[in-house]
Amino acid sequence: MKVSVSMLSSYLYCSRKLFLQKVLAVEEPPKESLVLGTLRHEIYDFINQSEEKIVTSITKKIQYGELISLYKTFYSRALRERIIKNKSKIKEVHIGLVDVFKRTWPLILEEAEIRAKNIFDFMQKYNIYGSKLWEKLTPKIISEQRVDSDELQLRGIIDRIEVYESGYVPIELKTGKMPKEGIWPGHRVQVVAYAMLIEERFKTSVMEGFVRYLDAKETRQIAINPFMREEVINLIKGVQELLKNQQLPDYCENKNKCANCGLKQTCYNESEVSALLPEIQ
Ligand code: SF4
C-alpha cells in the first residue's frame, strides 16, 4: 500500500493523530495557517508556471527597475485573483481579503525581487534575451511535481525542484514558526523522502535539499545521509502497519503538541473515539 510523504511527517508528529484522520476519518477544523498556506502554495505554483512567459517576453535590454515592475504587476494581479478564488475558505477562518493580501504580498514581493535579480544578472552576463535567455537560465524551477514509486511504496507532491546543470534540488516551502536551529523533524523527513523520489524518477543522485521558511524569510539546508534515508524507509513501514492493523495508538507524550493540535477535542473525548472505532472493526 503506497503512503504519502505528508503521512510520514504526520506519523512522526503523532501516530494517534494520523490514525484519527486516516482511519477514523476525523477532520481537522479549518485553521488560518492552513488556509493561508494553501493560498501561498497556489500562488507559488502560478509564479513558477508563468516564469517562461515572463522571461521570453523580455526581448531587449531593460533596466532593473523596469524588470521588477514587470514582475510586480504580474504577481500582484495573480495574488488578487487567487484570493478571490479562495474567498469562501478565507471567510471561514474570519480574515478579511485585504488583510490576506497585506500579509501575503511581502513574501511574493521577495520572490519577485529574487527572480528579477537573477534574470537581470543573467542578461548582463550573457547579453541574451527572449527564448535564448530562457534556454540558458538556471536554475529552472519545477513546481508542484507529482512523484510516486512502487519500489518505495511512496507518493507525494514536491513544492519546488530547482534544476541546475549539476543536478536536482528539492525545496519545501513552509509557513509558520521556524526552529531556532536546523529544520523541524517532520520537514527533514519530507525533504529526504522527496529526494529519494526524485532520484528514482529522474535517475539521479540528490545529496541535499532545502526548507524555505517563508514567514522568517530564511532558507535552511539539509545534507542527506544514509541514516535519514533509513528513517524514511522505517516510517513508510510504520505508517503501513498503522493503517493495516487498525489499532488506536496511545496519546503522544509531548503535551505541547496536544495543546496546538486541531484534533484535541475529539482525541481526548473517549466516548466519541470509542463510538467511531467499532465502525472500522
Ligand atoms: S491531541 Fe495530542 S495525542 Fe491527540 S491527536 Fe493531537 S497531538 Fe496526538
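In this predicted model, the shell around the ligand divides into eight nonpolar residues and four charged ones, with no polar residue among its members. The residues that make up these surroundings are C14, R16, K17, L20, Y251, C252, K257, C258, C261, L263, K264 and C267. When the shell is read by secondary structure, three helices, α2 (15-22), α10 (255-259) and α11 (264-267), each supply at least two of its residues, and the largest share, three residues, comes from α2.

From the ligand the description can pass to the division of the chain into domains. The domain assignment gives domain 1 as two stretches, 3-20 and 140-245, and domain 2 as the stretch 32-136. Between the C-alpha centres of domain 1 and domain 2 there is a distance of 25 Å, and the contact that joins the two domains takes ten residues from domain 1 and twelve residues from domain 2.

On the side of domain 1 that touches domain 2, the elements that give two or more residues are the strands β2 (140-149) and β3 (154-164), and β2 gives the most, with three residues. By class, this side of domain 1 holds three nonpolar, three polar and four charged residues. Polar residues thus appear on the side of domain 1 that touches domain 2, where they number three, whereas the shell around the ligand has none; the charged residues number four on that side of domain 1 and four in the ligand shell.

Notes. Residues are numbered from 1 along each chain as its sequence is written. This is a predicted model: local features need pLDDT of at least 70, side-chain atom pairs count only at pLDDT 80 or more; totals for chains, interfaces and linings use all residues. Domain bounds come from an automatic or database domain assignment. Two residues are in contact if their C-beta atoms, placed from the backbone, lie within 7 Å. Helices (H or I, at least four residues) and strands (E, at least two) are DSSP runs, numbered from the N terminus. Ala, Val, Leu, Ile, Met, Phe, Trp, Tyr, Cys and Pro count as nonpolar, Asp, Glu, Lys and Arg as charged, and the others, Gly among them, as polar. A residue is near a molecule or strand if its C-beta atom, placed from the backbone, lies within 6 Å of it.
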